[in-house]
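Trainee: Could you take me through one part of this structure closely? I would like to look at the sheet, and then see how the rest fits around that part.

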Amino acid sequence: MGQKILLNLPEKDLEKVETLVKIGEFTSKTEVIRFAVKQLLYSEERMKKFEELTKELQKQTKERGMTRKEIEREVEEAKEQTRKLISQMR
Amino acid sequence: MKPAVLLLDTTNFYSGLVFKGLENKVLKSDKYIFVTTEFTIAEIYWLLTEKRGMNRKDALDLIKSVPLIIIKSNFFKHKWNEADGLIGNRDKSDIPLVALALSLKNHDGIWSSDKDFEVVKGKFKIWKSRELL
């Protein structure tokens with residue numbers, strides 16, 4: 001069981017916290033704060049994972065000699081699938 | 001003033017993963033919370049697994065390593081037609097992100113270098129990568 005703490009947040013930040021609850025991403029403001037603290041405490045671990053996996057992708061991009069234009073073409077292929085999905089949804 | 005909550009599009013997200021450029025610096029800056037749609041995540045997941053041959057676990061781990069909130073389409077479907085009216089003629093695949101931008105209060109704009117988003121410039125701030133560093 002955790003310990004209760006009293007927290008003062010600036011109005012602007014509180015509005016954002018409330019938005020996250022409103023959109024259903026979190027069930028309560030407490031849950032948002034817990035998530036934020038966890039993100040901060042484990043950001044090093046998260047960053048390590050990000051670095052490790054992106055390093056491999058960046059190496060691949062370099063080895064394939066891919067330009068931004070080619071990356072954009074790959075994205076276009078992915079977006080084409082979304083367009084198809086959207087047209088099926090209508 | 002620098003933004004805090006940014007809507008994320010596929011091109012900048014993917015560029016930030018596969019290039020060691022500005023987008024990569026923004027993604028790992030830890031200054032922003034990114035918000036995006038299930039559609040963007042499906043595109044990124046497909047790109048990582050199908051185009052890059054990444055295994056499913058690593059692809060999901062990589063997506064989860066970004067400070068990112070994924071919003072389900074139920075949340076923004078009521079803004080779908082309005083978004084379609086704004087950007088549908090340019091690119092149908094951008095409708096979900098614009099619908100999300102119309103639905104979500106308190107965000108600080110869209111991070112995108114896609115020219116298609118210029119049509120919503122009057123409604124939302126469109127951030128370029130260099131403005132975020």
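Mentor: Happily! In this predicted model, chain B holds an open sheet of five strands in the order 3-2-1-4-5, with parallel pairing. The edge strands are strand 3 and strand 5 (126-127) of chain B, each of which pairs on one side only. As background, strands of a sheet pair through backbone hydrogen bonds, either parallel or antiparallel.

Let us begin with strand 1 of chain B. Strand 1 (residues 5-8) of chain B pairs in the parallel sense with strand 2 (residues 33-37) of chain B, over three bridges. You can find two of the bridge partners on your screen: Val5(B) is matched with Ile33(B) in strand 2 of chain B, and Leu6(B) with Phe34(B) in strand 2 of chain B. Now turn to strand 4 (residues 110-111) of chain B, which pairs with strand 1 of chain B, again in the parallel sense, over two bridges. Here Leu8(B) has Trp111(B) of strand 4 of chain B as its bridge partner. While you look at these residues, keep in mind that in a regular strand the side chains alternate between the two faces of the sheet.

Next, place the sheet in its chain. Chain B has six helices and five strands, and from the N terminus its elements run β-α-α-β-α-α-β-α-α-β-β. The radius of gyration of chain B is 14 Å, close to the 14 Å that the globule rule gives for 133 residues, so chain B is as compact as a globular protein of that length. Along its principal axes, the C-alpha trace of chain B spans about 35 × 30 × 25 Å. Of the 133 residues in chain B, 44% count as buried. Contacts in chain B also reach along the sequence: among those between residues at least 6 apart, 64% join residues at least 24 apart.

One helix of chain B deserves a pause. Helix 6 (residues 95-103) of chain B is mostly covered, with seven of its nine residues buried. The buried ones are Ile95(B), Pro96(B), Leu97(B), Val98(B), Ala99(B), Leu100(B) and Ala101(B). If you follow the chain onward from there, you come to Asn106(B), in the loop between helix 6 and strand 4 of chain B. Most residues other than glycine have a negative phi. Asn106(B) has a positive phi, near 70°, although this residue is not a glycine. With 15 other C-beta atoms within 10 Å, Asn106(B) is partly exposed.

The sheet also leads us to the partner chain. In the interface, 33 residues of chain B are in contact with 28 residues of chain A. On the side of chain B that touches chain A, the elements giving two or more residues are helix 1 (10-18), helix 3 (38-51), helix 4 (56-64) and strand 3 (68-71) of chain B. Edge strand 3 of chain B is therefore worth a second look, as one of the elements on that list. The largest share, six residues, comes from helix 1 of chain B. By class, that side of chain B has 16 nonpolar, seven polar and 10 charged residues.

What does the secondary structure of chain A come to? Chain A has four helices and zero strands, and its elements run α-α-α-α from the N terminus. A compact globule of 90 residues would have a radius of gyration near 12 Å, but chain A has 20 Å. The C-alpha atoms of chain A fill a box of roughly 55 × 40 × 25 Å along the principal axes. Buried residues make up 11% of the 90 residues in chain A. Helix 1 (residues 11-22) of chain A has 12 residues and reaches 16 Å from its first C-alpha to its last, close to the 16 Å expected at 1.5 Å a residue. After helix 1 of chain A comes Gly24(A), with a positive phi near 85°.

Finally, a word on confidence. Chain B averages a pLDDT of 92, and 98% of its residues score at least 70. For chain A the mean pLDDT is 89, with 98% of the residues reaching 70 or more. Among the elements of chain A, helix 2 (residues 29-41) has the lowest mean pLDDT, 85, and helix 4 (residues 68-89) the highest, 94. The model as a whole scores ipTM 0.89 and pTM 0.84.

Terms used: Residues are numbered from 1 along each chain as its sequence is written. Chains are lettered from A and ligands numbered from 1 in the order in which they are written. This is a predicted model: local features need pLDDT of at least 70, side-chain atom pairs count only at pLDDT 80 or more; totals for chains, interfaces and linings use all residues. Two strands pair if DSSP finds at least two bridges between them. Two residues are in contact if their C-beta atoms, placed from the backbone, lie within 7 Å. Ala, Val, Leu, Ile, Met, Phe, Trp, Tyr, Cys and Pro count as nonpolar, Asp, Glu, Lys and Arg as charged, and the others, Gly among them, as polar. The radius of gyration is taken over C-alpha atoms; the globule rule is 2.2 Å times the number of residues to the power 0.38. A residue is buried if 20 or more other C-beta atoms lie within 10 Å of its own, exposed if 12 or fewer, and partly exposed in between; C-beta atoms are placed from the backbone. pLDDT is the predictor's confidence in each residue, from 0 to 100. The expected span of a helix is 1.5 Å times one less than its number of residues.
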